[in-house]
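Biologist: Could you take me slowly through one part of this model, and begin with any empty space that is enclosed inside it?

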Amino acid sequence: MNRKPFYLILIFVFLILKQVLVLNNIKLFGYVNPYIYIAFLFIYPYKTNRFPIISLAFFLGICIDFFSDSGGIHAFATTLIAYIRPYFFRTFFQKTEVDYEFFQMNQESFGKTFNFIALLTLIHHFIVFLLVNFSLNNFLNVIINTILSSIFSLILYFLGNFILTRKQQQL
């Protein structure tokens, strides 16, 4: 029996609960608010059919919007990065659609993986904070929020990834 769909559902629910119950309540220095739920989009397998990931990204964003009362901002941002994910995938990893079936991000170099995840995280956070402010008058605040929150989100993502892969290697 293939456990991959069950594992993805578990990760999906866990990330939503972690974001809503813990991370949405963090506001360091008035700027830093980590959004780790987008890690699901990095974990989801790469396939030629983009409809499932775009649909799941929208649903993920709607769930976060529902609990955060943010009016569709997260749904738009996650759907956007799910849509552009294949373009960055081909750019950073130089893979074709034939390679999607056998691709595992943990087998790629850290530099490629970091650049891929960091760029998509920056785009997501920029869209979220731009739509939250909905004004270019506070553009400096948008940039500061984007950079600081992206750094904190990336630290949490890679720290969690390191801990989980360490545990899997020990088993």
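Modeller: A cavity here is a set of points on a 1 Å grid over the protein atoms alone where a 1.4 Å probe fits but cannot get out, and its volume is the space filled by probe spheres set on those points, which are joined across faces, edges and corners. The model is predicted, so local features need pLDDT of at least 70 and side-chain atom pairs 80 or more, while totals for chains, interfaces and linings use all residues. Residues are numbered from 1 along each chain, and side-chain values use heavy atoms, without hydrogens or water.

Searching the whole structure gives two cavities of 30 Å³ or more, the largest having a volume of about 80 Å³. Its lining (residues with an atom within 4 Å of a point) comprises 11 residues, with Tyr-46, Lys-47, Arg-50, Ile-53 and Arg-85 nearest its centre, and α3 and α4 (73-93) each supply at least two of the lining residues. Helices are DSSP runs of H or I, at least four residues long, numbered from the N terminus.

Helix α3 (51-68), together with α2 (39-43), is also what the buried residues of α1 pack against, by contact (heavy atoms within 4.5 Å). Those buried residues (under 20% relative accessible area, with a 1.4 Å probe and protein chains only) are Leu-8, Ile-11, Phe-12, Leu-15, Ile-16, Gln-19 and Val-20. Seen down the axis of α1, they fall within an arc of 150° and so line one face of the helix, the arc being taken from the directions between helix axis and C-beta atoms. Among them, Gln-19, in α1 (residues 4-21), counts as buried because its relative accessibility is 0%. Beyond its neighbours within four places in sequence, Gln-19 is in contact with Asn-24, Pro-34, Tyr-35, Ile-36, Tyr-37 and Ile-64.

Notes. Buried < 20%, exposed > 50% of the residue type's maximum accessible area, 1.4 Å probe, protein only. 1 Å grid on protein atoms, 1.4 Å probe; cavity = no way out; pocket = protein on both sides within 12 Å on 5 of 7 lines; lining within 4 Å.
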